[in-house]
Amino acid sequence: DVPYTLKPGEDPDTVVVWYLNDKNILECVTGQYHAATKTVTFRTQHFSKYVIGQVPFRDVNRTAWYFDSVSFAFANGLFDGTDASTFTPDAPMTRAMLVAVLWRMEGEPTAQKESNFSDVTAGLWYEKAVAWAAENGIVSGYGNGRFGSNDPITREQMAVILMSYAKFKGYDVSATTDLTKFTDSTRISSWATAAMQWANARGLVSGTGTNTLAPKGDATRAQVAAILMRFVENIAQ
């Protein structure tokens, strides 16, 4: 048990614990606040640096399958809620949102030139992220001069972008697997097949139901939080 005094207005159900690993990444321990003793209880099997904080989103229940993923994304600054107290876990993630996440992971570098996408206007919140991603071959748009910033990102598009980012970082992307075990594998676009094979082999993109991959299904914000947690923990170096 660790003594903890709630801050003014702080909801005890939002209090969580993270530990700082050797990569300076905050990983979820979760824990539970006890009002009677004014302590936070959590279990651990190793000594480390621990941080007590809160996941402030009213729509992210502690029992939800994505709680730890959202907690991880929030703690490590990967992406925020749709406002200060709402995460909107079931909303589709947009293409601009995902690129902005990778840009932040990279330290918000400045591109040498603007992107040539006709639908990316100077000054928009994702402009610098898209320019950096395009310059480094992480995104290429739709091939008709459009990036589709506000379009929901599909699961196969996400796999392609993550694999391109992994290549940019110099990570091993040789992993592959047979996707014919999924009944909708023939729906994977030819340009996304290798990326989906890699993403599935590395445990980033798994089935969505009974033997389906839903490659053209929209990726929700909760799903992207889970995938990014796996990417950072298992692939990033």
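Here are four short exercises on the structure above, each with a worked solution.

This is a predicted model, in which local features need pLDDT of at least 70, side-chain atom pairs count only at pLDDT 80 or more, and totals for chains, interfaces and linings use all residues. Residues are numbered from 1 along each chain as its sequence is written, and side-chain values use heavy atoms, with hydrogens and water left out.

**Exercise 1. A shared arginine**

Task: Find out which residues are joined with Arg146 into one salt-bridge network.

Solution:
- Step 1. Start with the rule: a salt bridge is a side-chain nitrogen of Lys or Arg within 4 Å of a carboxyl oxygen of Asp or Glu. The structure holds four of them.
- Step 2. Arginine 146 bridges to aspartate 119, with the closest N and O atoms 3.8 Å apart. Arginine 146 lies in the loop between α3 (127–135) and α4 (155–169), and aspartate 119 in the loop between α2 (95–105) and α3, so the pair ties together parts that are 27 residues apart in sequence. Helices here are DSSP runs of H or I with at least four residues, strands are runs of E with at least two, and both are numbered from the N terminus.
- Step 3. Arginine 146 also meets aspartate 151 in a salt bridge, at 4.0 Å from N to O.
- Step 4. Now look at accessibility: buried means under 20% relative accessible area, exposed over 50%, and partly exposed in between (1.4 Å probe, protein chains only). Arginine 146 is partly exposed at 32%, aspartate 119 is partly exposed at 22%, and aspartate 151 is partly exposed at 25%.

**Exercise 2. A bridge across the chain**

Task: Work out which parts of the chain the pair of lysine 216 and glutamate 156 links.

Solution:
- Step 1. Check the contact: the two side chains of lysine 216 and glutamate 156 form a salt bridge of 3.5 Å, N to O.
- Step 2. Place the partners: lysine 216 is in the loop between α5 (193–201) and α6 (221–234), while glutamate 156 is in helix α4, 60 residues apart.
- Step 3. Add the accessibility: lysine 216 is partly exposed at 37%, whereas glutamate 156 is buried at 3%.

**Exercise 3. A strand and its partner**

Task: Decide whether strand β2 is largely enclosed or open, and then find its partner.

Solution:
- Step 1. Five of the six residues of β2 (residues 15–20) are buried, so the strand is largely enclosed by the rest of the structure.
- Step 2. Two strands pair if DSSP finds at least two bridges between them. β2 pairs with strand β6 (residues 49–54) in the antiparallel sense, over six bridges.
- Step 3. For one of these bridges, take valine 15, whose partner in β6 is glutamine 54.

**Exercise 4. Rings meeting rings**

Task: Say how the rings of tryptophan 132 and phenylalanine 168 are arranged.

Solution:
- Step 1. Rings of Phe, Tyr and Trp (its six-membered ring) pair if their centres lie within 6.5 Å; planes under 30 degrees apart count as stacked, over 60 as edge-to-face and the rest as tilted. The whole structure has 11 aromatic pairs.
- Step 2. The ring centres of tryptophan 132 and phenylalanine 168 are 5.8 Å apart and the planes stand at 85°, so this pair is edge-to-face.
- Step 3. Tryptophan 132 lies in helix α3 and phenylalanine 168 in helix α4, so the pair ties together parts that are 36 residues apart in sequence.
- Step 4. Tryptophan 132 is buried at 3%, and phenylalanine 168 is partly exposed at 31%.
- Step 5. Ring pairs link both residues with Tyr165, Tyr171 and Phe231 into a cluster.
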